[in-house]
Amino acid sequence: STDFPNFYTAAVATRHGESLHNFYDWTWFARQMSYAGIENQLGAYAAQTPLTMLPVMGLSWLTPMAAKRVWLAIDLGLLAAAIVLLARTAEIRPEYVALVLFAGYRSVATNFRFGQYYVFLLFLIAAIAWLFSRRRDSMSGFLAGVTFGLKLYTGPLLLYFAAKRKWRSVFGMLAGVACVGAVAIAWFGWADIADYMTRVLPRALEGGSIEPYNPGVPTLSTLLRRTFVKEPELNPSPPFDAPCMFFFLRTASQFGLTTFAAMGIAARNNGDRCRDFAWFIILTVLLSTSTASYSFI
């Protein structure tokens with residue numbers, strides 16, 4: 001079932017030399033899923049970056065079920081590695097981190113049931129935190145930039161590094177983004193990357209890749225849209241029919257959260273690296289425009 005087939009299908013299409021702009025065409029992508037051997041399954045590549053499928057490329061020569069089994073085995077190893085990295089970062093025993101992880105069993109279970117991407121993402125963020133706690137600023141910044149090229153979640157860390165005045169991390173992250181961007185352009189061509197930057201990315205950042213009124217999508221954008229925007233079929237009776245408040249508060253909340261977090265860290269520049277890093281990870285979840293149970297891992 002979803003969501004591993006989305007990454008697998010994109011990897012197969014990339015291996016076959018398909019154009020990137022087709023990936024964001026729902027009808028075309030659905031046909032590609034069938035061609036890849038995944039039947040009776042809806043899917044899309046809607047909110048993904050051009051290189052989100054890169055970690056799955058090596059599995060695209062396998063059948064879908066065999067590829068998912070290998071992916072789940074890799075996830076088990078990455079989950080164990082993430083526990084060790086977090087334990088070393090926090091200087092506590094791995095068993096304590098595991099207990100916290102298992103308290104969020106629903107997020108863990110969903111990641112493995114769906115073959116989701118977030119165990120891999122957890123490992124990358126844990127590695128960034130560990131490197132930064134060991135004052136390997138350039139390496140942590142570079143890895144944050146590479147991770148940003150795969151998934152957009154680490155984007156706010158650039159502001160975090162700047163607020164901490166860790167310029168080696170800032171330049172490392174910019175270098176990582178540049179390297180990933182160069183790979184994407186070499187792979188798909190400038191025209192397809194420009195199409196992603198101008199058409200797909202803005203819609204993803206404003207929440208256009210999810211059901212905008214679904215209360216099961218726990219994002220600030222969904223909450224504000226459901227509260228202030230009337231839609232005859234999807235949201236016929238909002239508490240307030242005031243679209244202008246939605247547009248104002250969506251921008252104000254995002255800008256306010258980011259600004260106050262950065263100001264707080266900049267004001268106490270000598271604060272605990274790990275604690276400040278943790279606040280920005282929380283900020284990342286709050287700013288996310290596409291969140292579900294598996295994201296909270």
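Select Asp 137 to begin: this residue is buried, with a relative accessible area of 6%, where buried means under 20% relative accessible area, exposed over 50% and partly exposed in between (1.4 Å probe, protein chains only). The model is a predicted one, in which local features need pLDDT of at least 70 and side-chain atom pairs count only at pLDDT 80 or more, while totals for chains, interfaces and linings use all residues. Residues are numbered from 1 along each chain as its sequence is written, and side-chain values use heavy atoms, with hydrogens and water left out.

**From Asp 137 to Arg 168**

Add Arg 168 to the selection, and a salt bridge to Asp 137 appears, with the closest N and O atoms 3.9 Å apart; a salt bridge here is a side-chain nitrogen of Lys or Arg within 4 Å of a carboxyl oxygen of Asp or Glu. Asp 137 lies in helix α8 and Arg 168 in helix α10, so the pair ties together parts that are 31 residues apart in sequence. Helices are DSSP runs (H or I, at least four residues), numbered from the N terminus. Unlike its buried partner, Arg 168 counts as exposed, at 53% relative accessibility. Select Arg 273 as well, since Asp 137, Arg 168 and Arg 273 are linked in a network of salt bridges.

**Ser 140, in helix α8**

Move along to Ser 140, which is placed in helix α8 and counts as buried at 0% relative accessibility. Its side chain reaches the backbone oxygen of Asp 137 at 2.9 Å, a polar contact (a pair of N or O atoms within 3.5 Å; within protein, one must be able to donate a hydrogen and the other to accept it, and residues adjacent in sequence count only if both atoms are side-chain atoms). Not counting residues up to four places away in sequence, Ser 140 touches Ile 128, Leu 131, Phe 132, Phe 161 and Ser 169, contact being heavy atoms within 4.5 Å.

**Helix α14**

Now select residues 273-287, which form helix α14. The 15 residues of α14 should span 21 Å at 1.5 Å a residue, and its end C-alpha atoms are 21 Å apart, which agrees; the expected span is 1.5 Å times one less than the number of residues. At the N-terminal end, Asp 272 acts as a cap, with a side-chain oxygen 2.8 Å from the backbone nitrogen of Cys 274. Colour the buried residues of α14, namely Arg 273, Asp 276, Phe 277, Phe 280, Leu 283 and Thr 284. They cover an arc of only 110° around the axis, which puts them on the same side of α14, the arc being that of the directions from the helix axis to the C-beta atoms. On the other side of α14, Arg 275 and Trp 279 are exposed. The buried residues of this helix pack against α7, α8, α9 and α13 (243-267).

From Asp 276, look across to Lys 164, where the two side chains meet in a salt bridge (3.0 Å, N to O). This pair links distant parts of the chain, with Lys 164 in the loop between α9 and α10 and Asp 276 in helix α14, 112 residues apart. Both Lys 164 and Asp 276 are buried.

**Helix α10 and what follows**

Select residues 167-188 next: helix α10 has 22 residues and reaches 31 Å from its first C-alpha to its last, close to the 32 Å expected. Its buried residues include Ser 169, Met 173, Val 180 and Phe 188, and the buried residues of α10 pack against several helices, among them α1 (4-15), α7 (118-133) and α11 (190-205). After α10 comes Gly 189, whose phi is positive, near 95°.

Continue into helix α11 and pick Ile 193, which counts as buried at 9% relative accessibility. Leaving aside residues up to four places away in sequence, Ile 193 touches Leu 20, Pro 50, Ala 184, Ile 185 and Phe 188. Also in helix α11, Arg 199 and Asp 195 lie four residues apart, about one turn of the helix, and their side chains meet in a salt bridge (2.8 Å, N to O).

**The nonpolar cores**

Finally, show the largest nonpolar core, in whose 73 residues Phe 23, Met 53, Leu 157, Tyr 160 and Phe 161 touch the most other members; such a core is a set of buried Ala, Val, Leu, Ile, Met, Phe, Trp, Tyr and Cys residues joined through side-chain atoms within 4.5 Å. Helix α7 gives the largest share of this core, 14 residues. A second, separate core of six residues includes Leu 224, Phe 228, Val 229 and Phe 246.

Conventions. Helices (H or I, at least four residues) and strands (E, at least two) are DSSP runs, numbered from the N terminus.
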